[in-house]
Amino acid sequence: MTDAIDVTETLDVKGASCPMPVVKTKSAIDDLAEGEVLEVLSTDSGSMSDIDGWASGTKGVSLLDQVEDGDLYKHYVEKTA
Amino acid sequence: MSTDAAETEETPEEKAAASGDEAPTADGADVPQTEAELQARIEELEDTVTTLEREVDDGPMKMTIIATKGTLDMAYPPLILASTAAAFGWDVVVFHTFWGLDILHEEKSSNLQLSSVGNPNMPVPNALAALPGMDRVTTKMMAKKIDDNNTATIEELIEVSLEQGVEMQACQMTIELMDYDEDDFYDDVTVGVGAATALEHMAESDVQLLV
């Protein structure tokens, strides 16, 4: 499924812990245009729940996918508005 | 709902065909009978949802935090919650009073201390924790942990919070009580506010916290 996602930008927050992955994701999304997709690379296991919670509680974003790849957690967030 | 009128022509035939006399039992209970009625019902419900959304959607969520503590451990929760809430698009006000002012103090914020006494989770017993210099030791241990874990520092959290539009307020009465100067605080900090301002924000907020 991930192969099908057309990533516009990648945000590398590897090493950063709560709340930085969410806070930086929000800033990065602000810089995107509607329909563009942000890939977030994190090593924070809490980011799986946090980015999911942030995306469902925030207007104008949609979480397309989350992939756990060993110690790396990848998130795909689309700006929808 | 305009479809309703158009569809009524079909329904009597179908009702009659289906069960003759039974149809009238749906007396105003609006039990959908046909696909067209279901469609109309869906449209009606969609309208209701839109109306409710409009009612609920009176601007972004609001949060007010009252930050009263200036120890290293107690400075984190308000900053983490404030910066995260701002990332959710919430309007956030953090009202700093008493030792909470130290979080906004440019010099002191980078040097907040941990209290070793009265915290049973500390690695030293209280009798030893009370010895001079012990706070510095436990603070150093904590600072090392923060560094090892790549946890954001207090200054980083203040910076991102202000960047994301969190309103950081410094209570005027306690600024004077603690003998601080307005220039001691970070640039975007709001001064000249008091309890009434804090209450005003709390009354308008969906989330209110005292830390």
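The legends below describe close-up views of a predicted model with chains A and B.

**View 1. The sheet of chain A is open and has four strands.** The strands of chain A stand in the order 1-2-4-3, and their pairing is mixed. Strand 1 (9–12) and strand 3 (61–69) of chain A are the edge strands, each pairing on one side only. From one strand to the next, the twist averages 20 degrees. Strand 1 of chain A runs parallel to strand 2 (residues 37–42) of chain A, and four bridges join the two. Within this pairing, A:Asp12 has A:Leu41 of strand 2 as its bridge partner.

**View 2. Helix 1 and helix 2 of chain A meet the strands of the sheet.** Helix 1 of chain A packs on the sheet and touches strand 1, strand 2, strand 3 and strand 4 (72–79) of chain A. The direction of helix 1 makes about 155 degrees with that of strand 2 of chain A. Helix 2 of chain A lies across strand 2, strand 3 and strand 4 of chain A. With respect to strand 3 of chain A, helix 2 runs at about 170 degrees.

**View 3. A cis peptide bond joins A:Cys18 to A:Pro19.** The omega angle of this bond is near 5 degrees. A:Pro19 belongs to the loop between strand 1 and helix 1 of chain A. This residue also takes part in the interface: A:Pro19, A:Met20 and A:Val23 are the residues of chain A that lose the most area to chain B.

**View 4. Chain A and chain B meet through 15 residues of chain A and 15 residues of chain B.** The size of an interface is often expressed as the accessible area that is lost when the parts come together. Between them, chain A and chain B bury about 1,100 Å², of which 62% is on carbon and sulfur atoms. In chain A, the residues A:Pro19, A:Met20 and A:Val23 together account for 37% of what that side buries. Across the interface there are zero salt bridges, while four residue pairs are in polar contact. Two elements of chain A, helix 1 (20–30) and helix 2 (47–57), each give two or more residues to the side that touches chain B. The largest share, five residues, comes from helix 1 of chain A. By residue class, the side of chain A that touches chain B divides into seven nonpolar, six polar and two charged residues.

**View 5. The sheet of chain B is open and has five strands in parallel pairing.** The order of the strands in chain B is 4-3-2-1-5. Strand 4 (190–193) and strand 5 (207–210) of chain B stand at the edges with a single partner strand each, so one side of each is left without a neighbour in the sheet. The twist averages 20 degrees from one strand to the next. Strand 1 (residues 62–67) of chain B pairs with strand 5 of chain B in the parallel sense over four bridges. B:Leu210 in strand 5 is the bridge partner of B:Ile66.

**View 6. Helix 4 of chain B lies across four strands of chain B, namely strand 1, strand 2, strand 3 and strand 5.** This helix covers residues 72–87, and strand 2 and strand 3 of chain B cover 91–96 and 167–171. Helix 4 runs at about 165 degrees to strand 1 of chain B.

**View 7. B:Phe98 has a positive phi value.** Phi of B:Phe98 is near 45 degrees, and the residue is other than glycine. B:Phe98 is located in the loop between strand 2 and helix 5 (101–104) of chain B.

Conventions: Residues are numbered from 1 along each chain as its sequence is written. Chains are lettered from A and ligands numbered from 1 in the order in which they are written. This is a predicted model: local features need pLDDT of at least 70, side-chain atom pairs count only at pLDDT 80 or more; totals for chains, interfaces and linings use all residues. Side-chain values use heavy atoms; hydrogens and water are left out. Two strands pair if DSSP finds at least two bridges between them. Axes are lines fitted to C-alpha atoms, for helices over the stretch in contact, and angles run from 0 to 180 degrees between N-to-C directions. Contact means heavy atoms within 4.5 Å. Buried area is the accessible area (1.4 Å probe) that two parts lose on being put together, summed over both. A salt bridge is a side-chain nitrogen of Lys or Arg within 4 Å of a carboxyl oxygen of Asp or Glu. A polar contact is a pair of N or O atoms within 3.5 Å; within protein, one must be able to donate a hydrogen and the other to accept it, and residues adjacent in sequence count only if both atoms are side-chain atoms. Ala, Val, Leu, Ile, Met, Phe, Trp, Tyr, Cys and Pro count as nonpolar, Asp, Glu, Lys and Arg as charged, and the others, Gly among them, as polar.
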